[in-house]
Amino acid sequence: MQRKLQLLITLTVFAALAAAVYAQDKYSLKTSSGVAFSDFKGYEGWAVVSSARTDEVLKVIVANPIMIEAYKAGVPGNGQPFPEGAKIAKLQWKPKKSTEAPFAVDVPDVFSQAFLMEKDSKRFPKSGGWGYALFNYDALADKFTADPSPSDCGNACHVAVKSKDYIFHPYQKR
């Protein structure tokens, strides 16, 4: 009995250590376009630019301090481009109906994707100076993967807003 208990404890400790050692580090991921998740460390605390909703997802758009300062200075409405180092992230969740609110409202449920853009004209000269990346999140596995597609819509979609330096969402008043 004592031996079985020791074996059980040893296996449990080994499993816990293995899980800790092999836990995914999302910041080690990089897309084929050259955008690394590590370039966006700290995005969880960036300021909100805007939000959006489709039938499938709720989106919150956040930006790094460089981009927020540019927005506050009037970019892109003032005709100026966003500066080098500007970064924006569109974070997406599957929606669900709130069971707690006393009114009908959709709230985030399962996180699904992080769509990332960074301004680096030297690295991304063919796409208006912007690099695009899409990282899918598997909630069951608690794991991110770099999407092998051409970064969601990437530059192909964003060229529609070339006059706004390829950015769809304006900085919202608050």
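These notebook entries record what I looked up around one histidine and one strand of a predicted model.

**Entry 1: H158**

I began with the position of H158 and found it in helix 3, which spans residues 154–158. I then asked whether H158 is buried or exposed. Its relative accessible area is 5%, and because buried means under 20%, H158 counts as buried.

Next I looked up which residues H158 touches beyond its neighbours within four places in sequence. The contacts are F115, M117, Y132, C153, Y166 and F168. I returned to Y166, one of these contacts, to examine its polar atoms. The backbone oxygen of Y166 lies 2.6 Å from a polar atom of the H158 side chain.

**Entry 2: strand 2**

I turned to strand 2, residues 58–63, and checked how far it is covered. Five of its six residues are buried, so I noted the strand as mostly covered.

I then followed its pairing with strand 1, residues 47–53. The two strands run antiparallel and are joined by six bridges. For the register I noted that A52 stands opposite K59 in strand 2. The connection from strand 1 to strand 2 is a hairpin of four residues.

Which sense does the pairing of strand 2 with strand 3 take? I found it antiparallel, over six bridges, with strand 3 covering residues 87–97. Here A63 stands opposite I88 in strand 3.

I closed the entry with strand 2 recorded as paired antiparallel to strand 1 and antiparallel to strand 3.

Definitions and conventions
Residues are numbered from 1 along each chain as its sequence is written. This is a predicted model: local features need pLDDT of at least 70, side-chain atom pairs count only at pLDDT 80 or more; totals for chains, interfaces and linings use all residues. Side-chain values use heavy atoms; hydrogens and water are left out. Buried means under 20% relative accessible area, exposed over 50%, partly exposed in between (1.4 Å probe, protein chains only). A polar contact is a pair of N or O atoms within 3.5 Å; within protein, one must be able to donate a hydrogen and the other to accept it, and residues adjacent in sequence count only if both atoms are side-chain atoms. Contact means heavy atoms within 4.5 Å. Two strands pair if DSSP finds at least two bridges between them.
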